[in-house]
Amino acid sequence: MNQPTISVAMSVYNNAPYLASAIESILAQSFADFEFLIVNDGSSDGSAEIIDFHAAKDRRIRPIHQPNRGLVASLNLMLEQARAPLIARMDGDDIALPTRFERQLSFVRANPDHDVVGTWTRDIDGTGAARAHASRDQPTSHEAATAQLETGNPLCHPSVMMRRDTVLGVGGYHAAYRHCEDYDLWLRLSERTRLASIPERLMLYRHSDSQVSSRHILAQTTGAAIAWLAHVERANGRPDPTEQLAELPPLDRLDDLFGRPGVGAAVRAKVAASILHSPLALRNEGYELLLDHVRHGGARAGLWRAAGRLVKFGEPGRALRLAAALATR
């Protein structure tokens with residue numbers, strides 16, 4: 001069997017409403033020399049049948065059905081199973097435009113020092129309609145991408161094409177960074193190679209309430225803050241204390257993990273600032289984090305406004321508790 005040029009890696013968990021469109025958008029690519037790995041990660045909504053239906057019609061599809069193990073495990077499995085030197089990520093609810101692989105492959109061949117290349121995207125909602133706000137433009141140079149890493153994610157994960165050997169060389173996806181595994185990977189890859197995005201909208205990126213960024217915002221922002229600190233450790237020639245962890249420890253154990261005081265407080269402050277406008281976070285675990293931030297003497301910038309937002313969110317009791325904590329400092 002000939003080695004394909006690209007291995008497409010898609011992990012699926014209960015994506016049935018959008019899955020057929022996502023699969024068909026890959027099969028319709030103008031560049032056709034690829035294998036299509038689809039891991040069905042324990043779906044219970046008919047996704048398995050959709051995958052098998054398409055696999056029966058196109059031999060490029062390699063379905064893998066498994067009990068639910070989570071996205072990180074599924075991504076690492078596809079890295080192991082891939083036969084091509086290039087990995088193209090894809091999610092089961094997005095749509096790739098027909099020239100995506102062709103344009104990314106052209107960029108990679110013209111820029112051999114770039115082992116990671118994403119694309120700009122056009123944002124759509126659950127119905128497939130364009131979102132009202134402007135679609136985000138990811139950085140188009142390595143310098144701009146690495147600068148953005150300090151404050152946020154510079155790449156759209158399902159739009160990325162990357163060299164398999166380079167990703168394996170940095171250890172693949174790390175289990176501890178569940179819900180922000182891509183951001184942690186970009187940090188580690190930025191230490192080895194160059195990354196950027198093509199300034200063309202080659203993906204339709206779907207936003208919905210079921211997304212990881214919506215459902216797990218606190219875990220995502222906390223993990224990202226710790227991933228940045230681990231990156232700083234590596235940049236300063238120190239070991240990454242999170243490298244072998246299966247999961248991240250609570251904030252009150254971060255000082256011991258990193259071997260110095262103030263790490264937990266710094267992560268808490270960064271997360272507190274990032275969730276002040278999130279109704280979901282403030283109605284859930286993020287609220288207790290804000291209280292802990294105040295009780296530990298953290299900066300109060302924006303917290304009185306957060307108390308006001310809690311009233312608007314229908315949480316007057318929480319608003320009063322936060323205001324009382326702020327007033328007693």
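How much space lies in the second largest pocket? The answer is about 350 Å³. The structure on display is a predicted model, and this tour begins at that pocket before turning to pairs of charged side chains.

**First stop: the pocket**

Please select Ala219, Thr222, Gly223, Leu248 and Pro249; among the 17 residues that line the second largest pocket, these lie nearest its centre. Next, colour helix H9, which covers residues 217-235. Helix H9 gives the most to the lining of this pocket, contributing four residues. If the lining is then coloured by class, eleven nonpolar, four polar and two charged residues appear.

**Second stop: Arg83 and Glu35**

Side chains of opposite charge can pair when their charged atoms come close. A search of the whole structure finds 16 salt bridges, and the tour visits some of them.

Select Arg83 and Glu35 and display their side chains, which meet in a salt bridge with an N to O distance of 3.2 Å. Arg83 lies in the loop between helix H3 (71-81) and strand E4 (86-91), while Glu35 belongs to strand E2 (residues 34-41), so the pair ties together parts that are 48 residues apart in sequence. With a surface shown, the two partners may be inspected in turn: Arg83 is partly exposed, at a relative accessible area of 29%, whereas Glu35 is buried, at 2%.

**Third stop: Asp58 and Arg60**

Move now to Asp58 and Arg60. These residues form a salt bridge in which the closest N and O atoms are 2.9 Å apart. Is Asp58 buried or exposed? Asp58 has a relative accessible area of 15% and is therefore buried, the cut-off for that term being under 20%.

**Fourth stop: Arg163 and Asp115**

Select Arg163 together with Asp115. Their salt bridge brings the closest N and O atoms to 2.8 Å. Which strands hold the two partners? Arg163 is in strand E7 (residues 161-163) and Asp115 is in strand E6 (residues 114-124); the pair links distant parts of the chain, 48 residues apart. Arg163 is partly exposed, with a relative accessible area of 26%, and Asp115 is buried, with a value of 12%.

**Last stop: a shared network**

Finally, return to Glu35 and Arg83 and add Arg62 to the selection. Salt bridges that share partners join Glu35, Arg62 and Arg83 into one network. Viewed together, these residues place the Arg83 and Glu35 salt bridge of the second stop within that network.

Key: Residues are numbered from 1 along each chain as its sequence is written. This is a predicted model: local features need pLDDT of at least 70, side-chain atom pairs count only at pLDDT 80 or more; totals for chains, interfaces and linings use all residues. Side-chain values use heavy atoms; hydrogens and water are left out. On a 1 Å grid over the protein atoms alone, a cavity is a set of points where a 1.4 Å probe fits but cannot get out, and a pocket is an open set with protein on both sides within 12 Å along at least five of seven lines; lining residues have an atom within 4 Å of a point. Grid points are joined across faces, edges and corners, and a volume is the space filled by probe spheres set on the points. Helices (H or I, at least four residues) and strands (E, at least two) are DSSP runs, numbered from the N terminus. Ala, Val, Leu, Ile, Met, Phe, Trp, Tyr, Cys and Pro count as nonpolar, Asp, Glu, Lys and Arg as charged, and the others, Gly among them, as polar. A salt bridge is a side-chain nitrogen of Lys or Arg within 4 Å of a carboxyl oxygen of Asp or Glu. Buried means under 20% relative accessible area, exposed over 50%, partly exposed in between (1.4 Å probe, protein chains only).
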